[in-house]
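Please work through the exercises below with the sequence and the model side by side, trying each task before reading its solution.

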Amino acid sequence: MRDELIERAQKLAAAGYSPIPVQGNNMPTEPKRPAISWRVFQQRIASEREIERSFGEEVTALGIVCGRVSGLLVIDFDDLLRYQQFCRRLPHYSATYTVKTKRGFHLYFRTNVKVASHQFDGGDIKAERSYVIAPPSRIGKFVYRCVNDVAERDLSKADVDALLKYFHVNAGCHRISGKRIREGGDLDLKGLYGRLAPRMGRNNALYRVSCLARDAGMEKAAAEREFVGLHVGAAASDGHRAETPEERCAEAMRTIASAFERGAGMESVSGGVPNSVRERLLAAQKSTVVARLLDCFALAGWEAESFFTLKEAISLGRRFGLSRKSVLQALTGDHSIFNGRHIISRRYVEYLDFGGLKGRKRGRPVELAFQAPSVGRLLSVLNVGRSPSDGMRSDDLRSAKTYRMAVHREYVRRLSPRSSLRALARRLGVNERTIRRYNAALAIELTACVGRLRLTRESVASLPRRGWRNRRNTTRGLWLEAGDGSRAPAWRHIGLRLLKAGDGQARICIRQWSVFSVKGGGRPAVQFEELSLRQFGRLLVLRGEAAGGGGLRQRVGRAVESLRSRAPSLRYEKIRLFFDSVDARIADDKVAETISGYLVAREASGEEVRRPARRGIAYRLLKQYGNGNVFLALRNGYKEVKASLGRESLRVVSGDEGGDGLALNLT
């Protein structure tokens with residue numbers, strides 16, 4: 001796979017494209033993330049030596065940097081219907097190099113026109129500061145492939161303007177900031193209804209203009225007075241059944257009511273940025289600019305999916321302490337993109353009837369604007385779950401330090417977490433020393449938790465041995481405490497010496513995660529917990545301090561790999577199927593599909609054919625390949641072996657003095 005990707009990347013570089021390696025299956029959580037820092041390749045094309053060095057063994061995908069460095073503009077269709085509509089309306093543009101993606105299609109065009117990457121309803125336009133996944137990349141089980149292998153169509157400035165107008169002006173914009181609509185001012189809603197109704201239907205057009213009126217602050221009764229009569233008198237489209245004026249009036253009232261009710265209950269970022277969104281941005285980007293700007297939207301009460309200009313965003317950011325450079329980084333810089341998608345989407349919106357229908361000044365037909373993201377979009381782009389939102393004050397957004405301290409403060413105040421410094425530092429994208437400084441500045445108390453276990457013949461057997469290779473004289477986070485209060489490293493020979501001396505008050509102590517709380521919590525400086533032998537043994541194994549070395553996960557993994565090498569058939573079990581055994585082997589459940597297994601057959605050439613484990617598919621395969629020539633492959637054998645090894649890795653035995661003993665089964 002690596003050689004194939006390198007060969008393909010070198011051909012692309014020779015053709016004038018700028019290729020970069022992408023993680024692919026090497027990082028299942030973020031498969032479309034670049035495997036290198038690709039900022040430099042937005043200005044130049046990598047050499048053959050750089051390509052060979054950047055593509056690692058585990059990289060399974062490659063990308064092409066769009067924009068002027070490659071002379072490439074790509075239209076990414078995620079909606080199949082929108083792609084089909086584009087092919088029908090603009091067939092001369094759709095006849096270009098096309099790649100099949102998992103959700104849609106990529107259309108490649110060559111142009112030297114500078115175009116900002118942005119989104120439209122149903123897809124994206126990939127240009128400056130963006131990249132696309134190119135064939136023969138593999139992500140999961142899907143392989144990107146070319147479905148129309150023709151030369152890329154060249155686009156002039158007029159062609160680019162025509163495409164942008166098709167995607168943004170003709171499509172109509174469903175949300176425009178209420179600041180742009182003033183009564184009797186910028187936007188003629190009646191004129192907009194007259195232009196949208198023939199193109200998208202009377203009812204849809206009425207819903208659009210009602211939403212715009214709602215965003216502008218118009219009352220529901222005023223909207224009914226403005227639009228009901230207009231809707232009743234509008235001409236019906238061809239083929240539409242005849243309706244009485246009373247029916248049209250009732251339909252208009254229902255549509256306007258629906259628009260105003262949806263606006264009242266719409267999920268908005270003004271309700272607060274979820275903590276999961278803040279943590280993902282801080283940890284992944286090592287920067288606070290995007291998270292702080294989103295909190296600015298929330299504090300300012302900006303409604304989700306409303307449009308705003310760059311000038312408005314800079315003005316808002318300065319009000320809360322963000323510099324112009326920080327706002328530009330969040331909207332158009334490197335931090336504006338996460339996993340190939342814009343966090344704050346950008347649109348080309350149409351300013352209709354600027355100054356009125358009969359005014360001389362109409363304004364520019366298309367202008368780049370940004371769209372305040374909803375909570376649902378943030379969760380989707382960042383691939384995080386829903387979570388509550390900690391309240392932020394305006395002073396918390398003044399700098400990156402104050403923002404991170406505020407996030408840390410609210411987290412500790414809300415949960416009083418029992419965690420490690422490393423986990424807290426990873427959450428904010430900083431190091432452990434910074435967390436210590438934050439704790440001191442915020443007066444956060446740290447309660448050290450220590451687990452204690454009585455030293456017996458059974459418990460001393462779980463202590464690590466100090467071999468000749470181990471030169472250190474300490475056991476970090478683990479020590480022995482004698483009856484007189486003196487401490488010693490928790491080596492096994494020292495524990496045996498204490499037992500031989502008859503010290504019945506000796507204890508084994510192990511440091512656990514600390515508890516963080518705001519000042520005045522009333523917690524002691526050190527909190528002791530009595531542990532059972534089972535709990536202590538589990539902590540030792542997870543820390544890798546038990547006899548034999550290595551954590552539980554690593555030891556189970558080594559044992560499973562050993563079993564796989566000796567018995568590869570444990571990965572799955574093949575069961576031969578016949579016509580009379582399909583009902584007994586495969587449940588009639590369309591939801592399960594391939595969860596429990598899949599169907600396998602072989603062609604005459606020896607190539608293996610796999611299909612979902614469904615009854616209907618099984619019968620068709622038996623008819624095609626013959627009775628008994630189809631197998632059901634159960635994929636749970638390997639997982640069951642691994643789970644059983646995990647359960648049996650710790651075997652509890654009874655001790656001589658009534659306690660629990662611990663023994664490791666893995667060798």
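The exercises that follow go from the whole chain to single helices, a core, a pocket and a few chosen residues.

**Exercise 1. The protein as a whole**

Task: State how many helices and strands the protein has, and what share of its residues is buried.

Solution: Begin with the kind of model, which is a predicted one. Going along the chain, one counts 24 helices and 30 strands. Next comes burial, where a residue is called buried if its relative accessible area is under 20%; of the 667 residues in the protein, 46% are buried. Finally, take the contacts between residues at least 6 apart in sequence, among which 73% join residues at least 24 apart.

**Exercise 2. The two sides of helix α17**

Task: Find which residues of α17 are buried, and explain why they can be said to lie on the same side of the helix.

Solution: Helix α17 covers residues 432–441, and its buried residues are Thr434, Ile435, Tyr438 and Asn439. Because these residues cover an arc of only 145° around the axis, they fall on the same side of α17. On the face turned away from that buried side, the exposed residues are Arg433, Ala440 and Ala441. The next step is to ask what the buried residues pack against, and here one finds α15 (400–415), α16 (421–428), β19 (444–454) and β23 (514–518). Just after the helix, Ala443 has a positive phi of about 55°.

**Exercise 3. The same reading for helix α19**

Task: Name the buried residues of α19 and the exposed residues on the face turned away from them.

Solution: In α19, which runs over residues 492–500, the buried residues are Arg492, Ile494, Gly495 and Leu498. They are placed on the same side of α19 because the arc they cover around the axis is only 160°. The face turned away from this buried side carries Arg497 and Lys500, which are exposed. The cover over the buried residues includes α18 (457–460), β20 (478–481) and β21 (487–489). After the helix comes Gly502, whose phi is positive and near 80°.

**Exercise 4. The largest nonpolar core**

Task: Determine which residues of the largest nonpolar core touch the most other members, and which element gives the most residues to this core.

Solution: As background, nonpolar side chains in soluble globular proteins tend to be buried together. The largest nonpolar core here has 48 residues, and those touching the most other members are Val277, Leu294, Phe308, Ile343 and Ile344. Elements that give two or more residues to this core include α10 (275–285), α12 (310–319) and α13 (324–331). The element that gives the most is α11, with 7 residues. A second, separate core has 32 residues, among them Leu5, Leu12, Val69 and Tyr108.

To look at one member of the largest core, turn to Ile343, whose contacts beyond its neighbours within four places in sequence include Leu281, Val290, Phe338, Pro373 and Leu382. Of these partners, Pro373 lies in the loop between β17 (367–371) and α14, and it counts as buried because its relative accessibility is 1%. From C-alpha to C-alpha, Pro373 is 5.8 Å from Ile344, although 29 residues separate the two in sequence.

**Exercise 5. The second largest pocket**

Task: Describe the second largest pocket by its volume, by the residues nearest its centre and by the classes of residue in its lining.

Solution: The space in this pocket comes to about 730 Å³. Its lining has 27 residues, and those nearest the centre are Lys32, Arg103, Tyr144, Asn339 and Arg341. Sorted by class, the lining has 9 nonpolar, 10 polar and 8 charged residues. At least two lining residues come from each of β7 (123–126), β8 (131–134) and α14 (375–382), and β8 gives the most, with 3 residues.

**Exercise 6. Two acidic residues compared**

Task: Decide whether Asp295 is buried or exposed, and then place Glu4 in the chain.

Solution: Asp295 belongs to helix α11, and since its relative accessible area is 3%, Asp295 is buried. Leaving out residues up to four places away in sequence, Asp295 touches Val273, Arg278, Met392, Leu397 and Tyr403. Glu4, by contrast, is found in helix α1, residues 2–14, and with 43% relative accessibility it counts as partly exposed. Glu4 and Thr60 are 56 residues apart in sequence, and their C-alpha atoms are 9.7 Å apart in space.

How values were computed:
Residues are numbered from 1 along each chain as its sequence is written. This is a predicted model: local features need pLDDT of at least 70, side-chain atom pairs count only at pLDDT 80 or more; totals for chains, interfaces and linings use all residues. Side-chain values use heavy atoms; hydrogens and water are left out. On a 1 Å grid over the protein atoms alone, a cavity is a set of points where a 1.4 Å probe fits but cannot get out, and a pocket is an open set with protein on both sides within 12 Å along at least five of seven lines; lining residues have an atom within 4 Å of a point. Grid points are joined across faces, edges and corners, and a volume is the space filled by probe spheres set on the points. Helices (H or I, at least four residues) and strands (E, at least two) are DSSP runs, numbered from the N terminus. Ala, Val, Leu, Ile, Met, Phe, Trp, Tyr, Cys and Pro count as nonpolar, Asp, Glu, Lys and Arg as charged, and the others, Gly among them, as polar. Buried means under 20% relative accessible area, exposed over 50%, partly exposed in between (1.4 Å probe, protein chains only). The arc is that of the directions from the helix axis to the C-beta atoms. Contact means heavy atoms within 4.5 Å. A nonpolar core is a set of buried Ala, Val, Leu, Ile, Met, Phe, Trp, Tyr and Cys residues joined through side-chain atoms within 4.5 Å.
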